[in-house]
Amino acid sequence: MRIIIVGFGVVGQSFVKILLSKSAELYSTFGLNPRVVACVDSNGMAISQDGLDLGRLLEAKRMNKSVLAYHEKTICLNTSDLIENTEAEVMIEATPTNLENGEPGISHIVSAMKSKKHVITVNKGPLALAFASLLELSNYNNVRLAFSGTVGGGTPILEFAKKCLRGDRILSFRGILNGTTNYILSKMEEEGFTFQEALADAKQAGYAEASPKLDIEGYDAAAKLVIMANWIMSRKVSIGDVPRLGISDVNLNMIRNAHNNGKAIRLIAYCDTDELNVMPLEIQRDDPICVTGTLNAVTFSCEYSGEKTIVGRGAGGLETASAILRDLIEIRESISNPFD
Ligand code: HSE
């Protein structure tokens, strides 16, 4: 399967590392033989229709900070032209999330779909702003739009709701959708870190967004909430519809007071058929969604089967890359079994 990777930060590189270390298993178990034919980062691109040497690609990125150094001569193409004119089955969109206009992610996704390529995106911006139209475009072009990694990092929150709870009706859900803020709040509570120390740690570990304001002010959680609301609850909403409050006003005193009352402060996202919001709330310490570190947790309230909670790591390069791999395997299977 020929793949174009657009965006080669922590997640894109982690995905390539997984491909390098698992290639034999991917083939023997899933019949998957991925070939990365182009890779684009913010400084340039590397292209080979025979498949890029992934070890060399990672080395070029590590040594020179760009895949540009993969070739001796600089290749200079517009990214959308590259996507449209390169023969490939799948385009992976992993550029940083932009919640103002969704670009350049939206253009990349549209270019891929118009040229009949399946899309895997871990970029939340396009879906938080234009979920319905992108899904419609994918249907029109008969290609898949896969986005497991946009919510929950490596934790299959979307698949859990969509597939495991099939037949039941989800009435509402509430949970922690942002790893960085959860990491900050739990470090402040458990280890007495200051807000800035905890944020610096989260940045260093690659959990935070390129612009950490997206995490701290609740935009990232709101974007994920929108994706879930559209996909799981069939709500037609976008990020502007979400009342939102971040954690920048949460201080150590508030955290200690909550702690002394058997509670913890967490950034909670909530959705039912009418309401939708993101805000810091005190929750009971024994609430199943009261997780620590970069864990995400969501409790779904279902009509027949009651409440169920899914918990797992919500941020991180390898974690999110594992979601890309899940999507890729599913696309591979859908190509082999188109009626599934
Ligand atoms: N910045 C995001 C988070 C990354 O902390 O949850 C995963 O979407």
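What distance separates the centres of domain 1 and domain 2, taken over C-alpha atoms? In this predicted model, the domain assignment of the protein chain gives a domain 1 that is made of residues 2–154 together with 318–336, and a domain 2 that runs over residues 157–312. The centres of these two domains, taken over C-alpha atoms, are separated by 27 Å. To the contact between them, domain 1 contributes 16 residues and domain 2 contributes 20 residues. About 1600 Å² of area is buried between domain 1 and domain 2, and carbon and sulfur atoms give 70% of this area. Of the area that domain 1 buries against domain 2, 34% is supplied by L99, K124 and V151, which is more than any other three residues supply.

K124 is also one of the residues around the ligand, where the others are N178, G179, T180, Y207, A208, E209, D215, D220, K224, G314 and A315. The residues of this shell divide into five charged, four polar and three nonpolar, and two helices, α7 (179–191) and α10 (219–233), each supply at least two of the shell residues.

Among the charged side chains, E209 places a polar atom 2.7 Å from a nitrogen atom of the ligand, and an N or O atom in the side chain of D215 likewise lies 2.7 Å from a nitrogen atom of the ligand. For K224, an N or O atom of the side chain is found 2.9 Å from an oxygen atom of the ligand. On its own the ligand has 260 Å² of accessible area, and the protein covers 93% of this area.

Technical notes:
Residues numbered from 1 in each chain as written. Predicted model: local features only at pLDDT ≥ 70, side-chain atom pairs only at ≥ 80, totals over all residues. Heavy atoms only, no water. Near = heavy atom within 4 Å. Polar contact = N/O pair within 3.5 Å; in protein donor to acceptor, adjacent residues only side chain to side chain. Areas by Shrake-Rupley, 256 points an atom, 1.4 Å probe, with all protein chains shown as cover. Helix = DSSP H or I, 4+ residues; strand = E, 2+ residues; numbered from the N terminus. Nonpolar A, V, L, I, M, F, W, Y, C, P; charged D, E, K, R; others polar. Domains from an automatic or database assignment. Contact = heavy atoms within 4.5 Å. Buried area = accessible area lost by both parts, 1.4 Å probe.
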